[in-house]
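Colleague: I am new to this model and would like a close look at one part of it. Please pick a helix and walk me round it.

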Amino acid sequence: MAIRRRIDPDQGRSALEMWAAQSKLDAGPADRSTVATAVRFTLEELAARAEGNSVEVRVPPFGVTQCIAGPRHTRGTPPNVVETSAEVWLGLVTGSTDFATALEAGSIEASGTRADLSEHLPLFSPAESEERR
């Protein structure tokens with residue numbers, strides 16, 4: 001079943017590119033609206049590429065999604081949870097950091113046997129952003 005997108009893909013990619021450019025220049029953090037759009041877009045993209053309900057990915061305060069095929073949870077805290085900040089999440093989806101490194105550094109909280117997102121990340125490579133320009 002296809003996910004229902006709330007963020008227009010073109011606006012989402014644009015926000016992600018703006019965040020990446022800002023991050024690359026060390027010009028300080030991108031504005032909150034740009035970060036929020038980029039996070040929500042990439043969470044939707046993860047859910048579309050790794051459909052399922054066995055892992056909950058949380059990026060407070062901007063969004064949450066369920067992904068990866070497997071047993072579905074219906075009530076309470078799910079058994080497989082990944083939670084991180086917006087900056088770390090966007091670094092993961094763009095490939096500027098990898099899941100194992102961020103987990104080892106304590107930048108990600110992950111619980112459950114299915115909570116390793118390594119095979120699903122990055123969602124976008126820096127080359128993709130360059131090709132769009």
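**A close look at helix H2**

Modeller: Happily! The buried residues of H2 pack against helix H1 (9-24), strand E1 (55-59), strand E2 (63-67) and helix H3 (86-94); contact means heavy atoms within 4.5 Å. This is a predicted model, where local features need pLDDT of at least 70, side-chain atom pairs count only at pLDDT 80 or more, and totals for chains, interfaces and linings use all residues. Residues are numbered from 1 along each chain as its sequence is written, and side-chain values use heavy atoms, without hydrogens and water.

H2 covers residues 32-49, 18 in number, and reaches 26 Å from its first C-alpha to its last, close to the 26 Å expected at 1.5 Å a residue (times one less than the number of residues). Helices are DSSP runs of H or I with at least four residues, strands runs of E with at least two, numbered from the N terminus. Among the buried residues of H2 are Val35, Ala38, Phe41 and Leu46, along with Glu44 and Glu45 (buried: under 20% relative accessible area, 1.4 Å probe, protein chains only).

Now turn to H1, whose axis comes within 8 Å of that of H2 and crosses it at roughly 120° (lines fitted to C-alpha atoms over the stretch in contact, angles from 0 to 180 degrees between N-to-C directions). The two helices are therefore oblique to each other, being neither under 35, over 145 nor 65 to 115 degrees. Their contact includes Leu16 and Trp19 of H1 and Thr34 and Phe41 of H2. Glu17 also lies in H1, and Glu17 is buried, at 17% relative accessible area. From Glu17 to Thr34 is 17 residues in sequence and 9.6 Å in space, C-alpha to C-alpha.

Notes: Buried means under 20% relative accessible area, exposed over 50%, partly exposed in between (1.4 Å probe, protein chains only).
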